[in-house]
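Thanks for coming. I will walk through one structure this morning, so please have the sequence and the 3D view open.

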Amino acid sequence: MRHNNKNKILSRKAPLRKALIRDLVTAMVTHERIETPFVRAKVARQQLEKLITVAKNPTLQARRRLLAFFTTDQPVKKMLEVIGPSYAERKGGYTRITKMGHRLGDAAETAIIEFV
């Protein structure tokens with residue numbers, strides 16, 4: 001039974017899944033728009049919206065929480081100086097997922113995730 005197991009597994013073990021989500025979120029912060037399979041976009045959106053909420057209040061605690069997630073300082077700096085203040089008045093819904101159709105190779109449903 002799958003009671004209280006709401007996280008997507010993405011056909012990976014836990015450490016690889018965590019690394020995949022971290023890399024997707026880092027790419028999203030760096031490029032502000034990425035194309036990825038739809039299921040991955042939905043999983044990345046959950047984590048990204050939590051991190052933007054943390055970045056809206058640029059304190060030392062927020063910086064440390066972001067540094068615990070990202071591997072480098074560049075996305076942390078961008079989150080605290082650019083992305084967080086731009087969504088200071090918004091209560092949620094920082095990203096938009098747009099379906100793009102199916103990929104030719106394996107017919108996976110693709111989507112574009114971008115900031116609103």
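I start with E109, which is partly exposed at 31% relative accessibility. Before saying what E109 pairs with, I should state that this is a predicted model. Residue numbers run from 1 along the chain as the sequence is written.

Which residue meets E109 in a salt bridge? The partner is K99, with 3.5 Å from N to O. K99 sits in strand β2 and E109 in strand β3, so this pair ties together parts 10 residues apart in sequence. There is also a network here: R33, R96 and E114 are joined by salt bridges that share partners.

Now the overall layout. The protein has 4 helices and 3 strands. Going along the sequence, the pattern reads α-β-α-α-α-β-β. The C-alpha atoms fill a box of roughly 45 × 30 × 25 Å along the principal axes. For 116 residues, a compact globule would have a radius of gyration near 13 Å, and the protein has 15 Å, which agrees. Of the 116 residues, 37% count as buried. If we take contacts between residues at least 6 apart in sequence, 54% of them join residues at least 24 apart.

Next, the sheet. In what order do the strands lie? The order is β1-β3-β2, in an open sheet of 3 strands with antiparallel pairing. The edges are β1, residues 33-37, and β2, residues 95-102; each has a single partner strand, so one side of each is left without a neighbour in the sheet. On average, neighbouring strands are turned by 25° against each other, direction ignored.

Look at the pairing of β1 with β3, residues 109-115: the two run antiparallel and are joined by 5 bridges. To find one position in this pairing, take T36, whose bridge partner in β3 is A111. Helix α2, residues 38-55, packs on the sheet and touches β1, β2 and β3. The direction of α2 makes about 170° with that of β2.

Staying with α2, there is a salt bridge between the side chains of E49 and R45, at 3.9 Å from N to O. Both residues lie in α2, 4 residues apart, which is about one turn of the helix. The general point is that an α-helix has 3.6 residues a turn, so residues three or four places apart point the same way. Are these two residues buried or exposed? E49 is buried, with a relative accessible area of 18%, whereas R45 counts as partly exposed at 31%.

Now to helix α1. This helix has 18 residues and reaches 26 Å from its first C-alpha to its last, close to the 26 Å expected at 1.5 Å a residue. Its buried residues are A19, L20, I21, L24, V25, T26, M28 and V29. What do they pack against? The buried residues of α1 pack against β1, α2, α3 (60-69), α4 and β3.

After α1 comes E32, whose phi is positive, near 65°. E32 also forms a salt bridge with K78, and their closest N and O atoms are 3.1 Å apart. K78 is in helix α4, residues 74-86, while E32 is in the loop between α1 (14-31) and β1, so the pair ties together parts that are 46 residues apart in sequence. Both ends are partly exposed: K78 has a relative accessible area of 21%, and E32 has 37% relative accessibility. The count for the protein comes to 6 salt bridges.

Last, some backbone angles. L10 has a phi near 60°, a positive value in a residue other than glycine. L10 is in the segment before α1, and at 15% relative accessibility L10 counts as buried. A107 likewise has a positive phi near 60° and is a residue other than glycine. Where is A107? A107 lies in the loop between β2 and β3, and at 47% relative accessibility A107 counts as partly exposed.

To recap, the sheet has the order β1-β3-β2, α2 packs on that sheet, and the K78 to E32 salt bridge ties α4 to the loop between α1 and β1. That is all I have.

Note on methods: This is a predicted model: local features need pLDDT of at least 70, side-chain atom pairs count only at pLDDT 80 or more; totals for chains, interfaces and linings use all residues. Side-chain values use heavy atoms; hydrogens and water are left out. Two strands pair if DSSP finds at least two bridges between them. Axes are lines fitted to C-alpha atoms, for helices over the stretch in contact, and angles run from 0 to 180 degrees between N-to-C directions. Contact means heavy atoms within 4.5 Å. A salt bridge is a side-chain nitrogen of Lys or Arg within 4 Å of a carboxyl oxygen of Asp or Glu. Buried means under 20% relative accessible area, exposed over 50%, partly exposed in between (1.4 Å probe, protein chains only). The expected span of a helix is 1.5 Å times one less than its number of residues. The radius of gyration is taken over C-alpha atoms; the globule rule is 2.2 Å times the number of residues to the power 0.38.
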